[in-house]
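Student: Please take me closely through the salt bridges of this chain, setting out the cut-offs as you use them. I would also like to know where the same residues turn up around enclosed space.

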Amino acid sequence: MMKKIKILILSSALVTLFSCQKLLEIKETDFIGGDVALKTVLNNEQGLIGAYAAMNVEMGILLNAVFADEVVTADFYNAATVHEWQYGTQDVSIRDQYTAITLYYRIIDRVNRVLQALPNATAANATQEALRSRIRGEALFLRAFCHFELYRYYSNSSVGTDLAMAYMEVPSLQPTARITVAPYFQKLKTDLVAAKPLLPAYSASSDIFRATNLAASALQARVALYLKEWNDAITFSTEYINGIPLASRTDFPGIWTDANRSELAFKLSRTASNGGRIGSLFRGTSANASNIGGITWTVSQKLWDSYDQVNDVRFSSYYKNEPLLAGGSRKYTRLIKKYEGTTYGTPNENVADAKVFRTGEMYLIRAEARAENNDLVGAATDLNTLRTARINGYTPVILASKDAAITQIMEERYKELPYEGHRFFDLKRRNLPVVRITADLPNPAAQAILPAGNFRFLLPIPSTEIQANPLMQQNPGYAN
């Protein structure tokens, strides 16, 4: 009897083992691997479109406004830790709203999978074979763009031995350590050099929702500015300026309503259905004209007062003084208009495309680089050209010294580029403080200045990222 039981047990074990082996051999039906999903050139183009779809510059727009001196609190205030520079590694706003790591490494992983599969992808004809080259160029461009954004959040140093981030060139789930600025930018610039000749040449009919050669020039100019490589900054910004002129004062407002494409080499499509209400960063949607949506942030008094409000087309394009808000319980009548979309209570209220590169920025990059090279005449020419295009009746200035030139150029960046994702990063790279005037403080006891060089100019690596990647090194000043 005992022998029979042993035989039965052994038989049962063999059946179980055999069954497990068969289960392991069953091919999954709910997962499509890269070897199948990216088998053709057209499949890879769809993978690339997926990377574009994940692009989000809105986070940088809000960060640079809230952390610097572009906005002031309005109807309600629920961002005290970030607006008052009290954030740490476990701050909820940093973790949920300003974690560039999650966003940009996800996009980098997508383009790395395309770059890995693309050489062996099947092309049906010569047109698709040409498309293969373009896809490679766009993927390399997006990889460089995303790595540069990661640098702006967590490093932003031109010193080659300072810490940058991990530069990911292949898809990987393995923990990866940060590298220093010099090798990081060697890789980034190599990607851009390889990408540029593969991208389509910009023309007035180009698809500016995808990268062109001038988008690559713009990114190269921006990179050179941050690295203090002044000659390269001049070269690449000039390429862009020669390709796309400044908008006239008549056309300039249409940039922000998407009525025209003046100055733009690259922007991100936004619609009401794809979460494109950039204006909602600053105020909610409205029920109608008499019930304007809640206003989270509005233009700071400091920025508002910096313009020639009568003659500068930027003032009327970026802001409005809304009489409908007067006389009630609302704190301000000033509104940020830059991304307002259509009128109150309409389906496209707060909907606008995200502008990534435009000519106004390139003039200011070139002016700064020329000033740093002690070409004060060239710097003044760029500054005066930009101001003449924006300000009716403008009188040109002469720049007496490099310091005076840099001061004026930084002031002009403040007025030209608000709510485009630059101000906080600009102050950081120039080693300047954030200075808020008394009228813009969220409360009388609030700190008015973030001193130049303060550790909080670098965002902390969130605790969740440190836990997920034990090789990730925290930025100075923050405890894990």
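Tutor: A good starting point is Arg314, which counts as buried because its relative accessible area is 0%, where buried means under 20% relative accessible area, exposed means over 50%, and partly exposed lies in between, computed with a 1.4 Å probe on protein chains only. The model is a predicted one, in which local features need pLDDT of at least 70, side-chain atom pairs count only at pLDDT 80 or more, and totals for chains, interfaces and linings use all residues. Residues are numbered from 1 along each chain as its sequence is written, and side-chain values use heavy atoms, with hydrogens and water left out.

Glu416 is likewise buried, at 0% relative accessibility. Between Glu416 and Arg314 there is a salt bridge whose closest N and O atoms are 2.9 Å apart, the term standing for a side-chain nitrogen of Lys or Arg within 4 Å of a carboxyl oxygen of Asp or Glu. The two residues come from distant parts of the chain, Glu416 from helix 17 (residues 402-416) and Arg314 from helix 14 (residues 313-318), with 102 residues separating them; helices (H or I, at least four residues) and strands (E, at least two) are DSSP runs, numbered from the N terminus. In general, side chains of opposite charge can pair when their charged atoms come close.

Helix 17 takes part in another such pair, since Arg413 and Asp426 form a salt bridge with their closest N and O atoms 2.7 Å apart. Arg413 lies in helix 17 and Asp426 in helix 18 (residues 423-429), so this bridge ties together parts that are 13 residues apart in sequence. Both Arg413 and Asp426 are buried. Salt bridges with shared partners also join a network that includes Arg314, Glu416 and Glu420, along with Glu263, Asp312, Lys338, Arg358, Arg387, Arg390, Glu412 and Lys415.

The pair of Lys320 and Glu340 is a further salt bridge, its closest N and O atoms lying 3.1 Å apart. Here Lys320 is in strand 4 (residues 319-321), while Glu340 is in the loop between strand 5 (334-336) and strand 6 (354-358), 20 residues away. Lys320 is partly exposed, with a relative accessible area of 21%, whereas Glu340 is buried at 18%. Counted over the model, the salt bridges come to 41.

Two of these residues also border enclosed space. A cavity is a set of points, on a 1 Å grid over the protein atoms alone, where a 1.4 Å probe fits but cannot get out, and lining residues have an atom within 4 Å of a point. Grid points are joined across faces, edges and corners, and a volume is the space filled by probe spheres set on the points. The structure holds 3 cavities of 30 Å³ or more, and the largest has a volume of about 140 Å³. Of its 17 lining residues, those closest to the centre are Val57, Glu149, Arg152, Arg222 and Glu420. Helix 4 (58-67), helix 8 (126-154) and strand 6 are the elements giving two or more residues to this lining, and helix 8 provides the largest share, 4 residues.

Glu340, in turn, is one of the residues lining the second largest cavity, among them also Arg283, Trp297, Leu335 and Tyr339. This cavity encloses about 70 Å³, and strand 3 (297-299) and strand 5 each supply at least two residues of its lining.

How values were computed
On a 1 Å grid over the protein atoms alone, a cavity is a set of points where a 1.4 Å probe fits but cannot get out, and a pocket is an open set with protein on both sides within 12 Å along at least five of seven lines; lining residues have an atom within 4 Å of a point.
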